[in-house]
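Reader: Please take me through the reasoning behind the terms that are used for this model.

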Amino acid sequence: MLDNNILNVLNLRKYFATREGIVKAVDGVNFSIRYGETLALVGESGSGKTTTGHVIMGFYTPDEGKLIYKGRYDLSIPIKKRPLELKKDIQIVFQDPGTSLNSKRMVKDIISLPLMIHRVVDKKRVYERVSELLEYVGLSDEYMFKYPHELGGGEKQLVAISRALASNPSFIILDESTSALDVSSQAKVLNTLIKIQKELGLTYLLITHDLGVVRNISHRVMIMYLGKVYEEALTEEFFRSPMHPYTQMLLSSIPTLSSEDEKIKPAGVESIGEIPSAVKPPSGCRFHTRCPFAKSICSEKEPPDIKVGDNHIVRCWLYE
Ligand code: SF4
């Protein structure tokens, strides 16, 4: 059977030992990403979204579960042990280009490094390719001879994207890649990412807490809270009809610029309390300690996956 998914993740678990106890950062997560789409993984800090991305990258190995890439690669092995073609095929763009770019190297050297390591082009063609990659993200040749500290935040992130593209990947993890940017730099970087995806057919996993960015760039959205997925939907449906109280809380708290945007916000769902510790997550639905609609079953049993639309799944007892 032909699989339309570039990545299938089954029952992923990743725990960390801390002084306080075991943190269940990712605790039984299932999802797929289709070829050429952008899946947004959204949640507050401590939701497990970044850990999930870093397991896919091979920075961490999972404690349990399967991650199958392109139907043939097992992503549960650490990055160092992965075959070269797999290392080339999955790239990441981090939140802070200031620290992810080597401050002592010129842009031409930063981008040429992966070209040489992965032997993507002939040695003689390396700087020509650097120039093409910069042009691709809208930066001129002049940038080749600049150091990271001479660049603005948006320009640094475009250089980081050029570097990610150097190995001709199919899949890029965008790890809060626009969170540190001002509004106009953010728009430029997002438009560049959309253009690149259309032209090269890339697949993105967008890790973010910013629902404004999600609306601009993603095709599907997955909401995580304390290591579990609580809602999953196509982006349009997600914003038109958010179902989970936690999703509604996130949406009702985003600032909006226009009256049109204001209309799609759900009526304010006020959450109560703080995010509980991931060492001792609440029983049943993990959101029950903050949910204004919680009933007795919520603290007793985990809600199952409930299909509320063609491509819309929610885990909440309200919809049983
Ligand atoms: Fe709230 Fe219960 Fe739904 Fe959890 S399952 S979100 S506690 S109503």
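Author: The model is a predicted one. A suitable starting point is E37, which is in contact with S32, Q197, L202, T203, Y204, H219 and R220, its neighbours within four places in sequence being left aside.

Reader: What makes these residues contacts of E37?

Author: Contact requires heavy atoms within 4.5 Å. S32, Q197, L202, T203, Y204, H219 and R220 are in contact with E37 by that criterion. E37 itself is placed in the loop between β2 (21-34) and β3 (38-42).

Reader: Why is E37 called buried?

Author: The relative accessibility of E37 is 7%. Buried means under 20%, so E37 counts as buried.

Reader: Which residues are around the ligand, and where does the ligand sit?

Author: The ligand sits in the largest cavity. Around the ligand are H244, P245, C285, F287, H288, C291, F293, A294, C298, C316, W317 and L318.

Reader: How many residues of each class does the shell around the ligand have?

Author: Ten residues of this shell are nonpolar and two are polar, while none is charged. Cys counts as nonpolar under the classification, and His falls among the polar residues.

Reader: What makes the pair E302 and K228 a salt bridge?

Author: The side chains of E302 and K228 meet at 3.5 Å, N to O. The rule asks for a side-chain nitrogen of Lys or Arg within 4 Å of a carboxyl oxygen of Asp or Glu, so the pair qualifies. By this rule the count comes to 16 salt bridges. E302 lies in the loop between α12 (296-300) and β11 (306-309) and K228 in strand β10 (residues 228-234), so the pair ties together parts that are 74 residues apart in sequence.

Reader: Why do E302 and K228 receive the terms partly exposed and buried, respectively?

Author: K228 has 6% relative accessibility and therefore counts as buried, the limit being under 20%. E302, at 39%, counts as partly exposed, because that term covers values between the buried limit and the exposed limit of over 50%.

Reader: Which salt bridges does R315 form with E302 and D305?

Author: The side chains of E302 and R315 meet in a salt bridge at 3.5 Å, N to O. Those of R315 and D305 do so at 3.1 Å, N to O. R315 is in the segment after β12 and D305 in the loop between α12 and β11, ten residues apart.

Reader: Why is D305 called exposed and R315 buried?

Author: D305 has a relative accessible area of 54% and is therefore exposed, since the term requires over 50%. R315, at 15%, is buried, because its value is under 20%.

Key
Residues numbered from 1 in each chain as written. Predicted model: local features only at pLDDT ≥ 70, side-chain atom pairs only at ≥ 80, totals over all residues. Heavy atoms only, no water. Helix = DSSP H or I, 4+ residues; strand = E, 2+ residues; numbered from the N terminus. Buried < 20%, exposed > 50% of the residue type's maximum accessible area, 1.4 Å probe, protein only. Near = heavy atom within 4 Å. 1 Å grid on protein atoms, 1.4 Å probe; cavity = no way out; pocket = protein on both sides within 12 Å on 5 of 7 lines; lining within 4 Å. Sits in = over half its atoms within 2 Å of the grid points.
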